[in-house]
Amino acid sequence: MTATATLTTGGRHRPGRGTPSRPGRPGRTAARLLPLLPATLLLLAFMLGPIVYSLYGSLTDRAMTGPRAADPQFIGFANYTELFASPDFWLSLGLTVVFVLASAVIGQNVLGMLLAVLLRSAVKPLRSLVGGLVVLAWVLPEIVAAFALYAFFQTDGTLNAFLGWFGLEGTSWLYYFPMLSVILANIWRGTAFSMMVYNAALSEVPPELIEAATIDGAGAWQRFTRVTLPVINRSISTNLLLTTLQTLGVFTLIWVMTGGGPGTQSSTLPVLAFQEAFKFAQVGYGTAIATVTLLIGAVFSAIYIRILKPEVV
């Protein structure tokens, strides 16, 4: 057996899969890791550092003014105890979940996929026109887009004027339907990103798979659900992760359009954190809300990474 193995390998011993490989030299490993050191230090300084400081700040009674601004005291989990007992927090948490699910998970992803599929079969001039209009909403500065959407939804705005052309009576959208208004605004604002991600993913679907499914008698819907979606599953999961985290932190759009109102009817967690920290000067309490928002983002990330894991391994 040994002689045969030696002859078939040209007289040289080639270790099999079960043979442990020779460990690399520490110097070589260090040389490979050295270029990553600046990026690692930047991440620690500008990401981990603020997160740790935020966690500590949420355990203090820091305020904007007065003695607690100059000398905040450590109060443990008192902010979180007060927070979880507050009905405003649970309302904001529910509004945040609705906002993320409706405008990101469903709205942006479904509409982005629909536009990507339709534009791939459209003529080039129409594809360029529609694609350009959709991307325009995404490239606008957020504050500019927020004011444009405020003008669109207000009582004497563009939406009510458009409805008036068809004999329909408009309403005060930002007063009676604040969450619906900001959800639609965020869908309009962020759909372009999903459209571009899915357009790139669809271009990577092997044409022979579509042709084979067509020969087997599969219709357009069957080809899309049973061939296309499984192939681009990883792109869908990645896009869901990115749009969810982005939407979870939306502040400017809601603040400009409704200010979290009327009352607290559109006050998501970022808006509530801002109000408590800067409007009511309770920085420690507002930081606790921001920390909870961070943890919710971590939960969403863990779920999506779990979904992606079988694809990565």
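This section describes the helical make-up, nonpolar cores and selected contacts of a predicted model.

The chain contains 17 helices and zero strands. Of its 313 residues, 36% are buried. Contacts were also sorted by sequence separation. Among those with a separation of 6 or more, 69% join residues 24 or more positions apart.

The largest nonpolar core comprises 33 residues. Within this core, Leu 83, Ile 232, Ile 289 and Ile 296 touch the most other members. Several helices contribute. At least two core residues each come from α5 (78-84), α6 (87-120), α11 (178-202), α14 (233-248), α16 (269-279) and α17 (283-312). Another core lies apart from this one and has 20 residues. Its members include Phe 153, Met 179, Ala 185 and Ile 187.

Ile 296 illustrates the contacts of the largest core. With neighbours within four places in sequence set aside, Ile 296 is in contact with Leu 93, Leu 248 and Leu 269.

Helices α12 and α13 form a packed pair. Helix α12 spans residues 207-215, and helix α13 spans residues 220-231. Their axes come within 10 Å. The crossing angle is roughly 160 degrees. Angles over 145 degrees count as roughly antiparallel, and α12 and α13 are therefore roughly antiparallel to each other. Their crossing is right-handed.

Four residues on each side are found at the contact between these helices. From α12 come Leu 209, Ile 210, Ala 213 and Thr 214. They meet Arg 223, Val 227, Thr 228 and Val 231 of α13. By class, this contact has five nonpolar, two polar and one charged residues.

Trp 188 was examined separately. This residue lies in helix α11. Its relative accessible area is 38%. Buried residues fall under 20% and exposed residues over 50%, so Trp 188 is partly exposed. Leaving out residues up to four places away in sequence, Trp 188 touches Ala 137, Leu 140, Ala 145 and Leu 149. One of these partners, Leu 149, is 39 residues from Trp 188 in sequence. The C-alpha atoms of Trp 188 and Leu 149 are 9.4 Å apart in space.

Terms used
Residues are numbered from 1 along each chain as its sequence is written. This is a predicted model: local features need pLDDT of at least 70, side-chain atom pairs count only at pLDDT 80 or more; totals for chains, interfaces and linings use all residues. Side-chain values use heavy atoms; hydrogens and water are left out. A nonpolar core is a set of buried Ala, Val, Leu, Ile, Met, Phe, Trp, Tyr and Cys residues joined through side-chain atoms within 4.5 Å. Buried means under 20% relative accessible area, exposed over 50%, partly exposed in between (1.4 Å probe, protein chains only). Contact means heavy atoms within 4.5 Å. Axes are lines fitted to C-alpha atoms, for helices over the stretch in contact, and angles run from 0 to 180 degrees between N-to-C directions. Angles under 35 degrees count as roughly parallel, over 145 as roughly antiparallel, 65 to 115 as roughly perpendicular and the rest as oblique. A crossing is left-handed if the near helix is turned anticlockwise from the far one by less than a right angle, and right-handed if clockwise. Ala, Val, Leu, Ile, Met, Phe, Trp, Tyr, Cys and Pro count as nonpolar, Asp, Glu, Lys and Arg as charged, and the others, Gly among them, as polar.
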